[in-house]
Amino acid sequence: MKIDILTLFPTMLEEVFSYSIIGRAIKDKLVELNYINIRDFSEDKHKRVDDYPFGGGPGMVMKPEPIYKAIESVRKTNSRVIYLTPKGRVYNQSLAKELSKEQHLILLCGHYEGIDNRIVENYIDDEISIGDYVLTGGEISAMVVVDSVVRLIPGVLSSEESFKEESHYNGLLEYPQYTRPRVFRGYEVPDVLLSGNHKKIEEWRLYQSLKLTYMRRPDLIDKLELNEKQKKVLNEIKKEINTQK
Ligand code: ADE
């Protein structure tokens with residue numbers, strides 16, 4: 001997969017993606033990341049990329065021409081052009097999975113009061129928001145999208161299985177994890193995890209996962225099609241919580 005990131009601050013992203021799993025994926029050529037400085041496409045003698053909004057109002061708007069040229073410098077027939085904006089569709093794991101199957105992503109990071117709407121209407125395939133809050137620019141959002149997409153590319157994580165059980169992969173929040181020491185400042189690891197009984201451990205993990213999701217994110221449970229076993233465990237959890245009330 002190739003990802004081109006159009007930004008006013010390329011070094012901000014370059015640094016972040018040089019580390020750890022994403023850094024290794026780049027070295028192993030599982031993904032190619034390129035940073036395109038939108039300012040390089042400004043024809044203004046002062047290299048300006050923003051201007052006052054027509055109609056007045058606070059802030060500045062990013063001019064269309066440099067963005068258009070930056071997009072066209074990398075766009076191919078198989079490209080998906082994404083604009084990171086708080087007005088977009090809210091990002092989640094299922095969209096990350098969908099994007100991880102693309103061959104070429106172009107991520108456009110906005111700044112100031114946004115970008116000229118003629119770009120949004122005519123040259124963008126998707127508008128994505130990473131959540132209901134407003135950041136100062138799209139770079140952090142692009143980091144979130146790149147990180148969550150690249151780790152899903154086959155071969156990026158050392159074991160294909162390692163992301164299958166974690167939070168959101170199957171729609172549930174992940175069960176709690178523990179490592180050594182067995183007793184930390186008097187706090188003990190649940191006995192079942194030391195029992196060596198894999199069936200019991202699996203049952204405990206399913207119970208914990210369902211309970212955590214039911215308590216914290218009932219909206220996720222509502223979206224899921226639970227299997228018979230999961231339904232049964234969830235009913236037990238509901239009963240248990242009701243008797244505690
Ligand atoms: N740019 C500013 N805020 C944003 C958000 N919440 N999501 C994506 N891009 C943004």
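The following questions and answers concern a predicted model and the reasons behind the terms used for its residues and its ligand.

Q: Why is Ser148 called buried or exposed, and which of the two is it?
A: Ser148 has a relative accessible area of 14%. Buried means under 20%, so Ser148 is called buried. This residue lies in helix H6.

Q: What makes the approach of the Ser148 side chain to the backbone oxygen of Val144 a polar contact?
A: The side chain of Ser148 reaches that oxygen of Val144 at 2.7 Å. A polar contact requires N or O atoms within 3.5 Å, and the pair therefore meets the distance cut-off.

Q: Why is Gln103 placed in its accessibility class?
A: The relative accessibility of Gln103 is 54%. Exposed means over 50%, so Gln103 counts as exposed. Gln103 is found in the loop between helix H4 (93–99) and strand E6 (104–109).

Q: How far apart are Gln103 and Ser79 in sequence and in space?
A: They are separated by 24 residues in sequence and by 7.2 Å from C-alpha to C-alpha.

Q: Why is Leu135 called partly exposed?
A: Leu135 has a relative accessible area of 32%. Partly exposed residues fall between the buried limit of 20% and the exposed limit of 50%, so the value for Leu135 belongs to that class. Leu135 sits in the loop between strand E7 (126–129) and helix H6 (139–150).

Q: What makes Leu135 eligible for a nonpolar surface patch?
A: Patch residues need over 30% relative accessible area, and the 32% of Leu135 therefore passes this cut-off. Together with Phe9, Met12, Tyr133, Ile140 and Val144, Leu135 makes a nonpolar surface patch of about 500 Å².

Q: How do you know that backbone atoms of Thr85, Ile130 and Gly131 make polar contacts with the ligand?
A: A nitrogen atom of the ligand is 3.2 Å from a polar backbone atom of Thr85. For Ile130, a backbone N or O atom lies 3.0 Å from a ligand nitrogen, and for Gly131 the distance is 3.2 Å. The cut-off is 3.5 Å, so each pair counts as a polar contact. On its own the ligand has 260 Å² of accessible area, of which the protein covers 96%.

Q: Which elements give two or more residues to the shell around the ligand?
A: Strand E5 (79–90) and E7 do so, and E5 gives the most, with three residues.

Q: What is the make-up of the shell around the ligand by class?
A: The shell has seven nonpolar, five polar and no charged residues. Among its members are Leu84, Pro86, Ser129 and Leu135.

How values were computed:
Residues numbered from 1 in each chain as written. Predicted model: local features only at pLDDT ≥ 70, side-chain atom pairs only at ≥ 80, totals over all residues. Heavy atoms only, no water. Patch = residues over 30% accessible without salt bridge, like charges linked within 9 Å, V, L, I, M, F, W, Y side chains within 5 Å. Areas by Shrake-Rupley, 256 points an atom, 1.4 Å probe, with all protein chains shown as cover. Salt bridge = Lys/Arg side-chain N within 4 Å of Asp/Glu carboxyl O. Helix = DSSP H or I, 4+ residues; strand = E, 2+ residues; numbered from the N terminus. Buried < 20%, exposed > 50% of the residue type's maximum accessible area, 1.4 Å probe, protein only. Near = heavy atom within 4 Å. Polar contact = N/O pair within 3.5 Å; in protein donor to acceptor, adjacent residues only side chain to side chain. Nonpolar A, V, L, I, M, F, W, Y, C, P; charged D, E, K, R; others polar.
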